[in-house]
Amino acid sequence: MASSFLSSGIIQPLPLRSPDKPQTLFDHLKTTSTFLGSTSKLRSVSLSKPNLPNPHRRSTVVAVSDVLKEKKTKSAASSSQLLITREEGLELYEDMVLGRAFEDMCAQMYYRGKMFGFVHLYNGQEAVSTGFIKLLKKEDCVVSTYRDHVHALSKGVPARAVMSELFGKATGCCRGQGGSMHMFSKEHNVLGGFAFIGEGIPVATGAAFTSKYKREVLKEDCDEVTLAFFGDGTCNNGQFFECLNMASLWKLPIVFVVENNLWAIGMSHLRATSDPEIWKKGPAFGMPGFHVDGMDVLKVREVAKEAIQRARRGEGPTLVECETYRFRGHSLADPDELRDPAEKAHYAARDPLTALKKYIFDNKLASEAELKAIEKKIDEVVEESVEFADASPPPPRSQLLENVFADPKGFGIGPDGSYRCEDPKFTEGTAHV
Ligand SMILES: Cc1ncc(C[n+]2csc(CCOP(=O)(O)OP(=O)(O)O)c2C)c(N)n1
Ligand SMILES: [Mg+2]
């Protein structure tokens, strides 16, 4: 049998391990890495050396440390050169405080029975939303997940419209029909939160394709960029790989932003993923991959700038893995008993808001009183959002079937192509719908 395989030209797979260097299956389990701050040990590393330079690789692999090192060297001549101006620092701080205060208020309102269904909070991950989205123009698009309130806020959707949506009220950004997991705003180009993990990635890829089509085929003046946010658990889904492939093939103006908070509900990223360094999957598809400290808004912002500018210049997609952490359970229904308290404490000590505050003070960008004034202003915004949502009316009954089908009354389109609700039999009650 074996000889007939050989003679028919079937190439046998290469052995995974060199026979003269015996290796047990457990050897790699002993390997640890400082890559992730999790208190768990890295369970697995690739047996084939993945870090060998590949002469055929078209892409560059850049670690964030290199980007920042280069920036530091460049700015060494003038030591006064900071990563942000005073105005930028205040804008970033305000956005992060808004994200945090809004989510804390959501928790209160949820437990008071004001919200329905699952609610997933973003506490701890603010540096990612702020670091990326505050660099965007209004025309740029954002696609989120079910952990979407703060992405919408960073993109400019008013707090009252997001809170009202959470309360299921008619004044919400989706008129109360979406709820927590489905923030959408045409005006602000927030193309949705998605409950099914990975669902948003093809939508984002489609949005990026639209931008490219407008620019290159319709010759419109368009340099829009799309950001696709999703979690570590989502990176083991097929849609992620399919979209990386298409985006790279067509050089789409998109940035894939992985918010690696180390957990997918109760499943540790290190237990579920063959190679936990997600950023390495970028170069495999011919795009740069970055790994950045997602608890530091300034580091995130530096990497985000590079990736967004690359997309705007028409040079194609980038994969950015932000290592971050959620400070609360998976959703407000999760008692959060699975994660190691030491791990939680490790990240709590790296709170992104505290880190930015320190940078602002160390560099004398603003006084304590100025930051306090921002916090007070945001408290008022969030309070007002609750009052507004509470006082708003629920959606009318007539809205129930709107936007479900492609006709204003929700009864669909008949075989002749006309709206079923316009069929005279419809009002007589004899139409089949
Ligand atoms: C297609 C699909 N499969 C399974 C689920 C159930 N599910 C909900 S959240 C989640 C974990 C996602 O983890 P991650 O992508 O890391 O996002 P995080 O919640 O950490 O932000 C899973 C598997 C789902 N929503 N959609
Ligand atoms: Mg996760």
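# Exercises on a predicted model

A107 has its place in helix α3 (residues 86-111); helices (H or I, at least four residues) and strands (E, at least two) are DSSP runs, numbered from the N terminus. The model is predicted, so local features need pLDDT of at least 70 and side-chain atom pairs count only at pLDDT 80 or more, while totals for chains, interfaces and linings use all residues. Residues are numbered from 1 along each chain as its sequence is written, and chains are lettered from A and ligands numbered from 1 in the order in which they are written.

**Exercise 1. Classify A107 by its C-beta neighbours and list its contacts beyond four places in sequence.**

Step 1. A residue is buried if 20 or more other C-beta atoms lie within 10 Å of its own, exposed if 12 or fewer, and partly exposed in between, with C-beta atoms placed from the backbone. A107 has 15 C-beta neighbours inside 10 Å and therefore counts as partly exposed.

Step 2. Two residues are in contact if their C-beta atoms, placed from the backbone, lie within 7 Å. With neighbours within four places in sequence left aside, A107 is in contact with L121 and L332.

Step 3. S331 is 224 residues from A107 along the chain, and the C-alpha atoms of the two are separated by 9.8 Å.

Step 4. For the protein as a whole, 73% of the contacts with a separation of 6 or more are between residues 24 or more positions apart. The protein has 433 residues, of which 39% count as buried, and its secondary structure comes to 15 helices and seven strands.

**Exercise 2. Compare the backbone and burial of R175 and N189.**

Step 1. Both belong to one loop: R175 is found between α6 (159-166) and α7 (200-216), and N189 lies in the loop between α6 and α7.

Step 2. R175 is not a glycine, yet its phi is positive, about 55°. N189, also a residue other than glycine, has a positive phi near 55°. Most residues other than glycine have a negative phi.

Step 3. R175 counts as partly exposed because it has 18 C-beta neighbours inside 10 Å. N189 is buried, because 20 other C-beta atoms lie within 10 Å.

**Exercise 3. Place β2 among its partner strands and state which way its residues point.**

Step 1. Two strands pair if DSSP finds at least two bridges between them. Strand β1 (residues 141-143) is joined to β2 by three bridges, and the two run parallel; V142 has L227 of β2 as its bridge partner.

Step 2. β2 and β3 also run parallel, joined by six bridges. G231 has E259 of β3 as its bridge partner.

Step 3. In a regular strand the side chains alternate between the two faces of the sheet. From β2, T226, A228 and F230 point one way and L227, F229 and G231 the other, and all are buried.

Step 4. β2, helix α8 (residues 238-249) and β3 form a right-handed β-α-β unit. A crossover is right-handed if, with the strands pointing away from the viewer, the path from the first strand over the helix to the second runs clockwise.

**Exercise 4. Check the length of helix α11 and describe strand β7.**

Step 1. The expected span of a helix is 1.5 Å times one less than its number of residues. For the 16 residues of α11 (residues 297-312) this should come to 22 Å, and the end C-alpha atoms are 21 Å apart, which agrees.

Step 2. The buried residues of α11 include V297, L298, A304, A307 and A311. Just after α11, G314 takes a positive phi of about 85°.

Step 3. Strand β7 (residues 318-323) has six of its six residues buried, so the rest of the structure largely encloses it. T318, V320 and C322 point one way from β7, and L319, E321 and E323 the other way.

Step 4. Strand β3 (residues 254-260) runs parallel to β7, with six bridges between them, and V255 stands opposite T318. Strand β6 (residues 289-293) is parallel to β7 too, with five bridges; H291 has E321 as its partner.

Step 5. β6, α11 and β7 make a right-handed β-α-β unit.

**Exercise 5. Describe the shell around ligand 1.**

Step 1. A residue is near a molecule if its C-beta atom, placed from the backbone, lies within 6 Å of it. Ligand 1 is surrounded by 15 residues, the closest being F196, G231, G233, T234 and A264.

Step 2. At least two residues of the shell come from each of β2 (226-231) and β4 (263-264).

Step 3. Ala, Val, Leu, Ile, Met, Phe, Trp, Tyr, Cys and Pro count as nonpolar, Asp, Glu, Lys and Arg as charged, and the others, Gly among them, as polar. On this basis the shell has seven nonpolar, five polar and three charged residues.
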